[in-house]
Amino acid sequence: MTKPTIYLASASPRRRELLGQIGVPIELVRCEIDESPLPGEQALPYVSRLARAKAQAGVATYRREGRAPRLLLAADTTVALDGLILGKPESQEDAVAMLMRLSGSCHQVLTGVALTDGERTETAVSTSQVRFRDLGEAEIRAYVASGEPMDKAGSYGAQGLGAILIAELQGSFSGVVGLPLCETAELLRRFDYPLL
């Protein structure tokens, strides 16, 4: 059975790969939004708000470009440590500082997902607990020098070299990578999308 193509409002190659893993064909839609947290905003409402905002921006883009209406998926991932949101690093030193903070501790990875048909929008959030082993500064600097942390929330990629930093993960591995497939499948089912 040929599955319907959906729009993906994300530049993340990881999200493209994860949707491919479950056989969902996609067409990319650009969306630009301000990802700054609001004053005092906590991680859970933050990722939910950004996923919804990206979905709305994606719909506005495909309508402006005159594309056919179809389902659109958007997502946002962030790392939270002791209530502090750790987004993408602004520099190599910022990445080093984040990883030093995460060393030997447990943090949360939250991914908000929004699916919309242009009128109705449904959202879900996946929260996982990740514990890093104790990391030395030289090891952190070598990892940052690899370039992998620079476009990732919390300055690491669980699906890449960053996997060696993780001592324990409880929750959704795909959610930590950037798109929780269980929650995404549930959202698709709510719109009668044929997964199987």
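**Loop between β3 and β4**

I began at Asp82, which lies in the loop between β3 and β4 of what is a predicted model. I looked up the backbone there and found that the phi of Asp82 is near 50 degrees, a positive value in a residue other than glycine. I noted this because most residues other than glycine have a negative phi. The relative accessible area of Asp82 is 77%, so I entered this residue as exposed.

**Other positive phi values**

I then turned to Asp192, in the segment after α6 (181-190), which is not a glycine either and has a positive phi of about 60 degrees. Asp192 counts as exposed, at 69% relative accessibility. Two glycines went into the same entry: Gly104, just after α3, with a positive phi of about 70 degrees, and Gly23, which follows α1 and has a positive phi near 75 degrees.

**The largest nonpolar core**

Next I asked which residues have the most contacts inside the largest nonpolar core. The core has 21 residues, and the best-connected of them are Val79, Leu99, Leu102, Val130, Phe132, Tyr156 and Leu165. I traced the contributions by element and found that β3 (72-81), α3 (92-102), β6 (121-132) and α4 (137-145) each supply at least two residues, with α3 giving the most, namely five. I kept in mind that, in soluble globular proteins, nonpolar side chains tend to be buried together.

For Val79 I listed the contacts beyond four places in sequence, and among them are Leu84, Ile85, Leu86, Leu102, Val109 and Tyr156. The list for Val79 also includes His107 and Gln108. I recorded a second, separate core as well, which has 20 residues and includes Leu115, Leu181, Ala185 and Leu195.

**Helix α3 and helix α1**

I wanted to know where around the axis of α3 its buried residues sit. In α3 the buried residues are Ala95, Val96, Met98, Leu99 and Leu102; they cover an arc of only 165 degrees around the axis, and therefore lie on the same side of the helix. As a reminder to myself, an α-helix has 3.6 residues a turn, so residues three or four places apart point the same way. The cover over the buried residues of α3 includes β3, β4 (84-86), β5 (106-116), β6 and α4.

I repeated the exercise for helix α1 (residues 13-21), whose buried residues are Arg14, Arg15, Leu18 and Leu19. Seen down the axis of α1, these fall within an arc of 135 degrees, so they line one face of the helix. Among the elements that cover the buried residues of α1 are β1, β2 (26-28), β3, α5 (173-177) and α6. At the N-terminal end of α1 I found a cap from Ser12, with a side-chain oxygen 3.2 Å from the backbone nitrogen of Arg14.

**A buried aspartate in β3**

I looked up Asp76, which lies in strand β3, and asked whether it is buried or exposed. At 4% relative accessibility Asp76 counts as buried, the cut-off being under 20%. The side chain of Asp76 makes a polar contact of 3.0 Å with the side chain of Lys54. Beyond four places in sequence, the residues that Asp76 touches include Arg15, Glu35, Tyr46, Lys54 and Thr111.

**Aromatic pairs**

My search for aromatic pairs returned two in the structure. In one of them, Phe132 with Tyr156, the ring centres are 4.8 Å apart and the planes stand at 70 degrees, so I classed the pair as edge-to-face. This pair links distant parts of the chain, with Phe132 in strand β6 and Tyr156 in the loop between α4 and β7 (166-170), 24 residues apart. Both Phe132 and Tyr156 are buried.

**Cysteines**

I searched the whole structure for disulfides and found zero. I also looked up two cysteines by accessibility: Cys31 is buried, with a relative accessible area of 18%, whereas Cys182 is exposed, with a relative accessible area of 59%.

**The segment before β1**

My last entry is Thr5, in the segment before β1 (6-8), which counts as partly exposed at 30% relative accessibility. The C-alpha atoms of Thr5 and Pro25 are 4.7 Å apart in space, although the two residues are 20 apart in sequence. Leaving aside neighbours within four places, I found Thr5 in contact with Pro25, Ile26, Glu27 and Arg70.

Notes
Residues numbered from 1 in each chain as written. Predicted model: local features only at pLDDT ≥ 70, side-chain atom pairs only at ≥ 80, totals over all residues. Heavy atoms only, no water. Core = buried A, V, L, I, M, F, W, Y, C linked by side-chain atoms within 4.5 Å. Buried < 20%, exposed > 50% of the residue type's maximum accessible area, 1.4 Å probe, protein only. Helix = DSSP H or I, 4+ residues; strand = E, 2+ residues; numbered from the N terminus. Contact = heavy atoms within 4.5 Å. Disulfide = S-S within 2.5 Å. Polar contact = N/O pair within 3.5 Å; in protein donor to acceptor, adjacent residues only side chain to side chain. Arc of directions from axis to C-beta. Phe/Tyr/Trp six-rings, centres within 6.5 Å; stacked < 30°, edge-to-face > 60°.
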